[in-house]
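Let's take a walk through this model together, ligand by ligand and loop by loop. Have the sequence and the 3D view open side by side.

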Amino acid sequence: MTASERKEEQRRELIRRRLALDEGQRERADAAISGAVRRLVDELDFGIIAGFVAHRGEPDLSAALSWLDEEDRAVLLPVVRDLDMHFRRWRPDAAMKANRFGIPEPVGSEGFAPAQIDLVLMPLVGFAADGARLGMGAGFYDRAFAFRHGRPDDLPRLVGVAYAVQEAESLPVDDWDVPLDGIITEQGLRWFE
Ligand SMILES: Nc1nc2c(c(=O)[nH]1)N(C=O)[C@@H](CNc1ccc(C(=O)N[C@@H](CCC(=O)O)C(=O)O)cc1)CN2
Ligand SMILES: Nc1ncnc2c1ncn2[C@@H]1O[C@H](COP(=O)(O)OP(=O)(O)OP(=O)(O)O)[C@@H](O)[C@H]1O
């Protein structure tokens, strides 16, 4: 099996696991995850924060994003075009339009480049204890944050957001994979080395 076939197989299994959570588990976990996001932003006082809109069983960050907006932090969401991803400001009343994957994106609001962001809440399919991250397989986040390679102290902080069942024993890592600085699950925030 090639490395990319292995990634594909693990991706299927990890997506299956998060889709298998029942409604009660999901609600409790989402509340705990939003609480952990709030504590992190409070503690480190991040001003510009990128979130995401839940897709295919990802955690629902709505509660945290609304709270951050009320606290006058700039909340951004990803916008994809061809292979490129940038970010736009989200407000609760923002006009939204679904992208080609069916994920809603803000339309017409202020745009931000990846390097302007303080904290990126990264969607993911799987994570491992060494900070490895498996995404949807299109490389959008790896390309957008490639400038963080080998610069562990630079902003933005890259913090994955996932359910605890998305932790894998190990994940194949390619040269272009950008490691996570930390992970938030319903069990709380964990920083990697
Ligand atoms: N919530 C969320 N937003 C996000 C991402 C994400 O992973 N999660 N992205 C992270 O990159 C970007 C969008 N990338 C995506 C890449 C693939 C698929 C996806 O569902 N792929 C299907 C095939 C669908 C198709 O080709 O039309 C699949 O894998 O089965 C979705 C989003 C930006 N926004
Ligand atoms: N810095 C980069 N420059 C050019 N191509 C890249 C870069 N990073 C990733 N890619 C390409 O993106 C594709 C998908 O990579 P991979 O399977 O690791 O994505 P992923 O981490 O699962 O997805 P994502 O980052 O979108 O969440 C690969 O074919 C890879 O060639």
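Which ligand has an oxygen atom 2.8 Å from a polar side-chain atom of Asp 142? That's ligand 2, and since this is a predicted model, read every distance here as a computed value. Asp 142 isn't alone in reaching for ligand 2: a polar atom in the side chain of Trp 176 sits 2.9 Å from an oxygen atom of the ligand, and the side chain of Asp 177 puts an N or O atom 3.0 Å from a ligand oxygen. Taken by itself, ligand 2 has 650 Å² of accessible area, and the protein covers 72% of it. If you show everything around ligand 2, you'll get 15 residues, and the nearest of them are Lys 7, Arg 133, Gly 139, Phe 140 and Asp 142.

Now swing over to ligand 1. There are 14 residues around this one, with Val 53, His 55, Arg 56, Glu 58 and Met 136 coming nearest. Start with the backbone of Val 53, where an N or O atom lies 2.7 Å from a nitrogen atom of ligand 1. Side chains join in too: His 55 brings an N or O atom to 2.9 Å from an oxygen of ligand 1, while Arg 56 does likewise at 3.0 Å. On its own ligand 1 exposes 680 Å², of which the protein buries 72%.

Two of those neighbours also turn up in a database record. An unreviewed UniProt entry lists Val 53 and Glu 58 under "binding site". Both of these residues belong to the lining of the largest pocket.

So where does Val 53 sit along the chain? Look in the loop that runs between strand S1 (48-50) and helix H3 (62-70). Val 53 counts as partly exposed because its relative accessible area is 28%, which falls between the 20% and 50% cut-offs. Beyond its close sequence neighbours (those within four places), Val 53 is in contact with Glu 58, Leu 77, Met 96, Ile 103 and Pro 104.

Glu 58 is in the loop between S1 and H3 as well, but is Glu 58 buried or exposed? At a relative accessible area of 8%, Glu 58 is buried. Apart from residues within four places in sequence, Glu 58 is in contact with Arg 18, Arg 26, Phe 52, Val 53, Pro 123 and Tyr 163. There's a link inside the loop to check too: a polar atom of the Glu 58 side chain lies 3.1 Å from the backbone nitrogen of His 55.

Step along to Pro 59, again in the loop between S1 and H3. Pro 59 is buried, with a relative accessible area of just 1%. Setting aside residues up to four places away, Pro 59 touches Asp 30, Ile 33, Phe 52, Ala 54, Val 161, Ala 162 and Tyr 163. Pro 59 and Glu 186 are 127 residues apart along the chain, yet their C-alpha atoms are separated by 9.5 Å.

For one last stop, find Gly 150 in the loop between helix H4 (140-144) and strand S10 (157-161). Gly 150 is exposed, with a relative accessible area of 74%. Measure across to Val 178, and you'll find 9.1 Å from C-alpha to C-alpha, with 28 residues separating the pair in sequence.

Conventions:
Residues numbered from 1 in each chain as written. Chains lettered and ligands numbered in written order. Predicted model: local features only at pLDDT ≥ 70, side-chain atom pairs only at ≥ 80, totals over all residues. Heavy atoms only, no water. UniProt positions renumbered as here; feature names shortened; annotations may be inferred. 1 Å grid on protein atoms, 1.4 Å probe; cavity = no way out; pocket = protein on both sides within 12 Å on 5 of 7 lines; lining within 4 Å. Helix = DSSP H or I, 4+ residues; strand = E, 2+ residues; numbered from the N terminus. Buried < 20%, exposed > 50% of the residue type's maximum accessible area, 1.4 Å probe, protein only. Contact = heavy atoms within 4.5 Å. Polar contact = N/O pair within 3.5 Å; in protein donor to acceptor, adjacent residues only side chain to side chain. Near = heavy atom within 4 Å. Areas by Shrake-Rupley, 256 points an atom, 1.4 Å probe, with all protein chains shown as cover.
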